[in-house]
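Visitor: Please take me through the charged pairs in this protein, one at a time. I would also like to know where the partners sit and what lies around them.

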Amino acid sequence: MSVVSHAREAAGQSAPVRHDWARAEIEALFALPLNELLFRAASVHRQHFDPAEVQVSTLLSIKTGGCPEDCSYCPQAQRYQTGVQATKLMETDAVLEKARQAKAAGATRFCMGAAWRSPKDRDVPKVAAMIREVKALGLETCATLGMLTGEQAHALKEAGLDYYNHNLDTDPEFYDSIIHTREIQDRLTTLEHVRDAGLKTCCGGIVGMGETGRQRAGLLRTLANLPVHPDSVPINRLVQVEGTPLHGTQEIDPFDFVRTIAVARILMPRSMVRLSAGRQDMSDELQAMCFLAGANSIFYGEQLLTTGNPDTERDMALFARLGLRPMQVRVDAEHGHGAAHAGGGSGHDIIELPQHPRSCAA
């Protein structure tokens with residue numbers, strides 16, 4: 001059977017969720033003719049989601065800059081001269097006001113990011129207070145605070161946190177070319193602590209950092225072969241910031257970016273696949289192709305931590321042109337402060353995805 005015939009046959013079937021992908025299999029998906037790859041990804045998407053719905057999140061930097069890490073892409077690293085000024089942790093009332101604004105603008109999930117290598121124990125109660133107040137507004141909550149201990153993860157869960165973001169960033173083979181102040185295993189350990197605490201995971205990576213196609217396949221392979229698939233998988237297109245080592249890197253081909261979205265959808269069929277950083281410079285047509293390829297989540301609002309994002313009016317205008325609508329989320333009282341329901345394409349609610357995403361913007 002030809003590769004094209006196999007892709008068409010597989011697109012009409014509900015393939016089992018796997019955690020044993022080989023790199024060669026994933027590279028073969030990337031190599032499919034683009035139309036065939038999009039057909040297969042869109043078919044998988046429809047098996048698990050309503051393709052006309054997009055989950056909308058807002059991200060707030062609650063503590064900006066001054067990070068001791070050396071991530072080559074990040075303008076918040078204190079060692080790089082990027083013009084980002086370090087700030088103290090925001091007060092809870094100020095965070096709550098931003099959350100109210102996000103909800104009024106249509107966001108259903110509110111993500112809080114702090115530029116820490118890892119939070120100090122004295123910081124956790126302050127963030128926990130923010131989580132409780134935002135949760136009380138009826139929003140899903142997400143945080144990205146760096147590496148966590150098991151105790152810190154449990155404390156955030158008890159405060160009502162729904163999701164924790166901790167990205168792998170790139171293929172383990174390429175990781176040491178991008179970051180030197182922590183190892184990939186540090187990230188995997190934090191994800192383990194998050195899962196053990198009963199939190200949902202938001203975990204993805206960044207493309208366009210000079211990695212090869214093989215390494216993009218390696219990033220997705222690592223994500224898809226985690227013990228539980230991330231509930232949200234943010235796929236970021238590098239935002240180049242002057243002063244960071246990756247400024248001036250050759251940009252990823254737009255079709256290669258679309259392919260990355262499509263392959264992520266096929267490998268992790270029940271996960272939310274999010275268009276994250278880099279949307280500001282994407283045309284409406286490129287974003288439309290990404291939605292066709294299976295992306296069903298975006299960040300909403302003008303700012304992602306320290307980089308720009310399309311404003312809400314542009315996003316809503318694009319949704320109207322494409323016939324898309326924001327995904328509705330409601331809290332199930334039977335599950336305490338926890339489970340959020342999103343409308344799925346199968347005609348029933350998804351309570352906890354059977355597959356159990358440094359920033360939510362990233």
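Guide: A salt bridge is counted when a side-chain nitrogen of Lys or Arg lies within 4 Å of a carboxyl oxygen of Asp or Glu. The model on view is a predicted one, and it holds 18 salt bridges. Side chains of opposite charge can pair when their charged atoms come close.

Some background helps before the pairs. The protein chain has 362 residues, and 58% of them are buried. Its secondary structure comes to 12 helices and 15 strands. The accessible surface is about 14,400 Å², and carbon and sulfur atoms account for 50% of it.

Start with Arg18 and Asp20, whose side chains meet in a salt bridge with N and O 2.8 Å apart. How exposed are the two partners, Arg18 and Asp20? Arg18 counts as partly exposed because its relative accessibility is 23%. Asp20 reaches 54% and therefore counts as exposed.

The next pair is Asp256 and Arg216, with 3.9 Å between the closest N and O atoms. Asp256 belongs to helix α10 (residues 254-267) and Arg216 to helix α9 (residues 213-224), so this salt bridge ties together parts that are 40 residues apart in sequence. Asp256 is partly exposed, at 28% relative accessibility, whereas Arg216 is buried, at 11%.

A third pair joins the side chains of Arg279 and Asp315, again as a salt bridge, at 2.8 Å from N to O. These partners come from distant parts of the chain, 36 residues apart: Arg279 is in the loop between β8 (272-275) and α11 (284-292), and Asp315 is in helix α12 (residues 312-322). Are the partners buried or exposed? Arg279 has a relative accessibility of 1%, so it counts as buried. Asp315, at 2%, is buried too. Beyond such pairs there is a network: Arg23, Asp171, Glu173 and Arg214 are joined by salt bridges that share partners.

Now for the surroundings, beginning with cysteines. The structure holds 0 disulfides. Cys142 is buried, with a relative accessible area of 1%, and Cys202 is buried at 1% as well.

Uncharged side chains can also meet through polar atoms, and helix α6 offers a case. This helix covers residues 150-159, and its buried residues are Gly150, Gln152, Ala153, Leu156 and Ala159. An α-helix has 3.6 residues a turn, so residues three or four places apart point the same way. What do the buried residues of α6 pack against? They pack against α5 (124-136), β4 (163-165) and α8 (184-196). After α6 comes Gly160, with a positive phi near 110 degrees.

Within this helix, Gln152 is buried, with a relative accessible area of 5%. Leaving aside neighbours within four places in sequence, Gln152 is in contact with Pro119, Lys120, Asp121, Val124 and Met147. Val124 is 28 residues from Gln152 in sequence, yet their C-alpha atoms are 6.9 Å apart. Two of these contacts can be described further. A polar atom of the Gln152 side chain lies 2.9 Å from the backbone oxygen of Pro119. The side chain of Gln152 also makes a polar contact of 2.9 Å with the side chain of Asp121.

A similar contact involves Thr64, in the loop between β1 (53-63) and α4 (92-104). Its side chain is joined to that of Ser61 by a polar contact of 2.5 Å. Thr64 counts as buried because its relative accessibility is 13%.

One more loop residue deserves a look. Asp169 sits between β4 and α7 (172-178) and has a positive phi of about 75 degrees, although it is not a glycine. Most residues other than glycine have a negative phi. Asp169 is at 0% relative accessibility and therefore buried.

Last comes the predictor's confidence. The average pLDDT of the protein chain is 85, and 84% of the residues score at least 70. Which stretches stay under 50? One is residues 302-309, where the model has 32 contacts beyond four places in sequence. Another is residues 331-362, where pLDDT also stays under 50 and the model has 110 such contacts.

Notes:
Residues are numbered from 1 along each chain as its sequence is written. This is a predicted model: local features need pLDDT of at least 70, side-chain atom pairs count only at pLDDT 80 or more; totals for chains, interfaces and linings use all residues. Side-chain values use heavy atoms; hydrogens and water are left out. A disulfide is a pair of cysteine sulfur atoms within 2.5 Å. Buried means under 20% relative accessible area, exposed over 50%, partly exposed in between (1.4 Å probe, protein chains only). Helices (H or I, at least four residues) and strands (E, at least two) are DSSP runs, numbered from the N terminus. A polar contact is a pair of N or O atoms within 3.5 Å; within protein, one must be able to donate a hydrogen and the other to accept it, and residues adjacent in sequence count only if both atoms are side-chain atoms. Contact means heavy atoms within 4.5 Å. Accessible areas come from the Shrake-Rupley method with a 1.4 Å probe; for residues, only the protein chains shown count as cover. pLDDT is the predictor's confidence in each residue, from 0 to 100.
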